[in-house]
Every structure is written in C-alpha cells, then in structure tokens.
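Visitor: I should like a close look at a single part of this structure, namely the loop residues with an unusual backbone angle. Please set them within the chain as a whole.

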Amino acid sequence: QVQLVESGGGLVQAGGSLRLSCAASGRTFSNYAMGWFRQFPGKEREFVAGISTREGSTRYADSAKGRFTISRDNAKNTVYLQMNSLKPEDTAVYYCARDLASWRIGVPVSESDYGYWGQGTQVTVST
C-alpha cells in the first residue's frame, strides 16, 4: 500500500514563500509521475503541478506558472512544491498524488489519472 505524507503547509503573508514536501512509501517511487493538486472550500480539486518519472519533465496550471516549482528527489522518495510570490487566492488545502500508471509518458493533469493521495496540508496566505 502506497502512503503519501505531505508537510510544509502553514500561514504566510502575501508575497511570501512556502515549500511543500510529500514523502512516499514504497520502492518504486521513481517509476511514477507525481502531482500536486489543491482544493478550495466547496470546490473540486484542481491540478497545480506535476512531474514525470525519471526524466523529470514538468507541467503547471496557468495559476502556478512562474511562481511554483515542482521537483522530485527519487533517492528520498519525495516530491516538493516550492511556492513563491504567494497570493491570498492560493489559500487552499494542497494534496500530493501518485500516478496510477507506471512509466507514463508525460505528466497527467486529470484527477482520475492519480490513484494515491496524501491527507492534504493547509496553506493560508494572509493579506
């Protein structure tokens, strides 16, 4: 059973930065794309950023481009989301997720392509 544990959320002022981490269990972490999603109250989860398997290609939502950076450390079974220039509208619960398919070409952006989810971490950006 794959377990994903996020950390690094919290309260930050607008313009500040946070780095989220997601530690994954299992021995085949590098075989799967990883993604970050977020969820606003009363809304569906939305894709924020994703990173492919070993070659590490990335994909971002328009709202994240230029401000957020996703990376992975396969030796540590960990994926990161560096968030800079945070805005109050970034306030949400952030989830990391693992792709359902191994060795997928590219980065999936649909929630249905991901089969394992962390518990979520709250990010609050104050004005």
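Guide: **Two loop residues in their setting**

The chain has 127 residues, for which a compact globule would have a radius of gyration near 14 Å; its own value is 13 Å, which agrees. That radius is taken over C-alpha atoms, and the globule rule is 2.2 Å times the number of residues to the power 0.38. This is a predicted model, in which local features need pLDDT of at least 70 and side-chain atom pairs count only at pLDDT 80 or more, while totals for chains, interfaces and linings use all residues. Residues are numbered from 1 along each chain as its sequence is written, and side-chain values use heavy atoms, with hydrogens and water left out.

The chain contains 11 strands and 0 helices (DSSP runs, with at least two residues for a strand, E, and at least four for a helix, H or I, numbered from the N terminus). Of its 127 residues, 45% count as buried (under 20% relative accessible area; exposed is over 50% and partly exposed in between, with a 1.4 Å probe and protein chains only).

Most residues other than glycine have a negative phi. Ser 85, although not a glycine, has a positive phi of about 50 degrees. Ser 85 sits in the loop between strand E8 (78-83) and strand E9 (92-102), and with a relative accessible area of 41% it is partly exposed.

The loop between E9 and strand E10 (114-117) holds Trp 103. Trp 103 is not a glycine either, yet has a positive phi of about 55 degrees. Its relative accessibility is 44%, so Trp 103 counts as partly exposed.
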